[in-house]
Amino acid sequence: MWTEFSAEFSRQLTPQVWQLIANSSFETVYMSLVATFFAVLFGLPLGIITFLTKEGQTLNNKKLNRTLEVIINVGRSIPFIILLFDLMPITRFLVGTTLGTTAAIIPLSVAALPFYARLTVNALGDIPTGLTETAKAMGTNVWQLVTRFYLPEALPILIKAMTLTLVTLIGYSAMAGAVGGGGLGNTAISFGLHRNMPYVLWVSTIIIVLIVMLCEKYGNKLANHFDHR
């Protein structure tokens, strides 16, 4: 039995296939990291503005807050696989194709943006109200309030939110692979399913799990490093 397993394993996972898996692993990490970067880049200010325009906050604006809440909630409600197809014309316009890892970054970023914005709103909402009152009493303006008080206080939670976003995008990247987005998802489907190579499917799955575990481990470690409470 072991001899048969070993022979079949070696037949499916040739050096060329291992090289393909290595390249696919890099593509998965590349897609997820870049998409997380853009999600944080645009999601963080969106979340901050949404929080600041809440009732009782510094920039209290009921209409604007309601509009931003709707945008965030609608964006989070759209299933990624549907968003993937909806954004194909925009992806083709921006990068010239809907296939490959670079093209997959567009829908991945759009999907994660409202997700991170919501996590940002929640993180800022956990800041003690006493800190806000102290900052206001010191005569700080909105920019100083955000950069000197809110963000430093919420930084550990925001890092954990970033880690959660990255882990979520790793899972989304596997779905993107189903429509030619590259990465381990594409390798698992193209070889593991379509070419009846189950060991390739299993190895790809194990690598995805390991990547997720490493991201969570070092993301939490970074968050704890900045948590001085």
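Tyr199 and Trp202 sit 3 residues apart in helix H10, which covers residues 198-226, so about one helical turn lies between them. Why should that spacing matter for side chains? An α-helix has 3.6 residues a turn, so residues three or four places apart point the same way. Tyr199 is tucked away, too: with a relative accessible area of 12%, this residue is buried. Keep in mind that you're looking at a predicted model.

## Rings that pair up

How many aromatic pairs does a search of the whole structure find? The search turns up 5 aromatic pairs. One of them is made by Phe26 and Tyr30: the ring centres are 6.3 Å apart and the planes meet at 10°, so this pair is stacked. Phe26 and Tyr30 are 4 residues apart in helix H2 (residues 15-52), so about one helical turn separates them. Phe26 counts as exposed, at 59% relative accessibility. Tyr30 counts as partly exposed, at 30% relative accessibility. Now back to H10: the rings of Tyr199 and Trp202 have centres 5.3 Å apart and planes at 75°, so that pair is edge-to-face.

If you're wondering what to look for in such pairs, a pair of aromatic rings is described by the distance of the centres and the angle of the planes.

## Stepping back to the whole protein

What is the protein built from, helices or strands? There are 10 helices and 0 strands. The C-alpha trace spans about 75 × 40 × 25 Å along its principal axes. The protein has 229 residues, and 39% of them count as buried. About 12700 Å² of the protein is exposed, and carbon and sulfur atoms supply 66% of that area.

The chain also brings together residues that are well separated in sequence. Take the contacts between residues at least 6 apart in sequence: 74% of these join residues at least 24 apart. For a single pair to check in the viewer, try Glu8 and Met197, which are 189 residues apart along the chain, while their C-alpha atoms are separated by 9.4 Å. Glu8 belongs to helix H1 (residues 2-12), and with a relative accessible area of 27% this residue is partly exposed.

The opposite case turns up with Ala188 and Arg148. They are 40 residues apart in sequence, and 46 Å lies between them in space, C-alpha to C-alpha.

## A hollow inside

By the counting rule used here, the structure has 1 cavity of 30 Å³ or more. The largest cavity has a volume of about 80 Å³. Which residues line the largest cavity? They are Leu84, Met88, Thr91, Thr98, Ala103, Ala104, Pro107, Ala176, Val179 and Gly181. Two elements give two or more residues to this lining, namely helix H5 (88-95) and helix H6 (101-125). H6 gives the most, with 3 residues. By type, the residues of the lining of the largest cavity split into 7 nonpolar, 3 polar and no charged.

## Some buried residues

Here are three buried residues side by side.

| Residue | Helix | Relative accessible area |
|---|---|---|
| Thr101 | H6 | 14% |
| Asn65 | H3 (residues 62-77) | 13% |
| Ala188 | H9 | 9% |

What does each one touch, leaving aside residues up to four places away in sequence? Thr101 touches Glu27, Tyr30, Met31, Gly181, Gly182 and Gly183. Two of those names should ring a bell: Tyr30 is half of the stacked pair with Phe26, and Gly181 helps line the largest cavity. With the same neighbours left out, Asn65 touches Thr50, Thr53 and Lys54. Ala188, again without residues up to four places away, touches Leu193, Leu201 and Ser204.

Ala188 has buried company in its helix. In helix H9 (residues 183-193), the buried residues are Gly183, Leu184, Gly185, Thr187, Ala188, Phe191 and Gly192. What covers the buried residues of H9? The cover includes H2, H6, helix H8 (142-177) and H10. H10 is where this report began, with Tyr199 and Trp202.

Notes
Residues are numbered from 1 along each chain as its sequence is written. This is a predicted model: local features need pLDDT of at least 70, side-chain atom pairs count only at pLDDT 80 or more; totals for chains, interfaces and linings use all residues. Side-chain values use heavy atoms; hydrogens and water are left out. Rings of Phe, Tyr and Trp (its six-membered ring) pair if their centres lie within 6.5 Å; planes under 30 degrees apart count as stacked, over 60 as edge-to-face and the rest as tilted. Buried means under 20% relative accessible area, exposed over 50%, partly exposed in between (1.4 Å probe, protein chains only). On a 1 Å grid over the protein atoms alone, a cavity is a set of points where a 1.4 Å probe fits but cannot get out, and a pocket is an open set with protein on both sides within 12 Å along at least five of seven lines; lining residues have an atom within 4 Å of a point. Grid points are joined across faces, edges and corners, and a volume is the space filled by probe spheres set on the points. Ala, Val, Leu, Ile, Met, Phe, Trp, Tyr, Cys and Pro count as nonpolar, Asp, Glu, Lys and Arg as charged, and the others, Gly among them, as polar. Contact means heavy atoms within 4.5 Å. Accessible areas come from the Shrake-Rupley method with a 1.4 Å probe; for residues, only the protein chains shown count as cover.
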